[in-house]
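Okay, thanks everyone for coming. I'd like to walk you through one model today, so let's put it up on the screen.

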Amino acid sequence: MRSLAVRRKMVNTLFWAGCLCCLAVVVAPTFWMLIGVVSRALPVFHLHVLTQDTQGNGGGLRNAIIGTVVLALGVALVGGTVSVLAGIYLSEFATGRKRSMLRGAYEVLSGIPAIVLGYVGYLTLVVAFDWGFSLAAGVLALSVMSIPYITKATESALAQVPTSYREGAEALGLPVTWTLRKIVLKPALPGIVTGMLVALALAISETAPMLYTAGWSNSVPTGQLTHSPIGYLTYPIWTFYNLPSKSAQDLSYNAAFLLIVFLLLLIVFGRLITWFARRHSES
């Protein structure tokens with residue numbers, strides 16, 4: 001018995017050591033990348049990066065910052081609305097073959113490469129619909145990318161809500177829409193918000209779809225939906241990094257640093273929403 005206990009303890013130690021090694025393999029390159037970006041961006045970061053627009057290979061990133069925020073809001077509004085409604089329909093109303101077909105559709109959509117979606121968006125929105133490089137084309141392309149993630153998160157979050165909630169509301173004769181809005185969605189909101197955060201983080205970090213649909217602009221967004229290119233932070237990261245100009249390379253590192261800060265703020269904002277939703281749900 002003593003030898004068996006020692007053997008189990010050794011196996012358990014080796015298992016956790018292997019898990020920690022696997023975690024280090026994933027986390028270490030991420031921290032190495034973050035430290036490299038921050039260490040190169042902070043020495044060349046100046047206030048004019050936030051207050052000036054991009055001018056050729058230099059200037060600031062105000063146009064890209066505002067453009068990224070506008071794109072994120074557009075994706076949250078368009079893609080988030082469609083995805084949440086689709087997740088609610090799949091979880092609460094769809095049955096049988098219709099549910100399996102819709103699930104297969106968004107699972108296939110999640111496997112399509114981003115550059116392919118961008119090229120399809122270019123052919124349909126920019127060329128066929130004659131929208132040109134524009135905010136609307138970029139938002140729709142990124143929204144299509146975000147639909148599978150938010151839909152799956154919404155469906156999974158609603159599936160974790162106890163069935164007794166729905167049965168109790170039905171026994172009391174409450175309307176289905178009222179039950180869904182007041183009873184079912186509240187405990188599922190943290191999961192939905194988490195899925196939307198992941199989708200937004202992936203969307204605003206993409207470059208290839210935006211090159212095909214949004215183009216690039218050195219000025220702040222005008223509010224025009226079509227025939228008006230828009231700036232975004234991933235463009236200078238991808239374009240300016242390999243240029244021989246030091247100012248262009250510094251601008252690429254600043255853009256990467258600001259994108260990391262933007263994602264961190266997005267995560268913090270989402271955690272606050274989740275905390276408030278859980279507290280309100282418990283009360």
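I'll go through the annotated spans, then the nonpolar cores, then a few residues and ring pairs. Keep in mind throughout that this is a predicted model.

Let's start with the record. The UniProt entry, which is unreviewed, puts "transmembrane region" at residues 64-90, 102-125, 131-150, 188-212 and 255-277. I looked at two of those spans in the model. Residues 131-150 come out as 80% helix and 0% strand, with 27 Å between the end C-alpha atoms. For residues 188-212 the figures are 88% helix, again with 0% strand, and the end C-alpha atoms sit 36 Å apart.

Okay, cores. How many residues are in the largest nonpolar core? The number is 37, and the residues with the most contacts inside that core are L61, L71, L142, M210, Y232, L233 and L258. As for who contributes, at least two residues come from each of α1 (2-41), α3 (62-92), α5, α6 (135-159), α8 (176-204), α10 (234-240) and α11 (246-282). The helix that gives the most is α11, with 10 residues.

There's also a second core, separate from that one, with 11 residues, among them I88, V184, A188 and I192.

Let me zoom in on L142, one of the residues with the most contacts in the largest core. If you ignore neighbours within four places in sequence, L142 contacts V75, A203, E206 and M210. M210 is on that most-contacts list as well.

Next, a couple of threonines. T274 sits in α11. Is T274 buried or exposed? Buried: the relative accessible area is 2%, and the cut-off for buried is under 20%. Leaving out residues up to four places away in sequence, T274 touches P190 and V193. Have a look at T194 too: along the chain T194 and T274 are 80 residues apart, yet their C-alpha atoms are separated by 8.1 Å.

The other threonine is T54, in strand β1, which covers residues 54-55. T54 also counts as buried, at 3% relative accessibility. What does its side chain do for polar partners? A polar atom of the T54 side chain lies 2.8 Å from the backbone oxygen of G60, and the T54 side chain also makes a polar contact with the side chain of N63, at 3.1 Å. Beyond four places in sequence, the residues that T54 touches are G60, L61, N63, W216, N218, F240 and L251. You'll recognise L61 from the largest core.

Last topic, the aromatics. Searching the whole structure turns up 12 aromatic pairs. Take F15 and W16: their ring centres are 5.7 Å apart and the planes are at 75 degrees, so that pair is edge-to-face. Y119 and Y122 are stacked, because their planes are at 20 degrees, with the centres 6.5 Å apart. Where are those two tyrosines? Both are in helix α5, residues 114-128, three residues apart, so about one turn of the helix. They both count as partly exposed, Y119 at 41% relative accessibility and Y122 at 27%. And this pair has company: ring pairs link Y119, Y122, F133 and Y212 into a cluster.

That's what I wanted to show. Happy to rotate the model if anyone wants another look.

Notes: Residues numbered from 1 in each chain as written. Predicted model: local features only at pLDDT ≥ 70, side-chain atom pairs only at ≥ 80, totals over all residues. Heavy atoms only, no water. UniProt positions renumbered as here; feature names shortened; annotations may be inferred. Helix = DSSP H or I, 4+ residues; strand = E, 2+ residues; numbered from the N terminus. Phe/Tyr/Trp six-rings, centres within 6.5 Å; stacked < 30°, edge-to-face > 60°. Buried < 20%, exposed > 50% of the residue type's maximum accessible area, 1.4 Å probe, protein only. Core = buried A, V, L, I, M, F, W, Y, C linked by side-chain atoms within 4.5 Å. Contact = heavy atoms within 4.5 Å. Polar contact = N/O pair within 3.5 Å; in protein donor to acceptor, adjacent residues only side chain to side chain.
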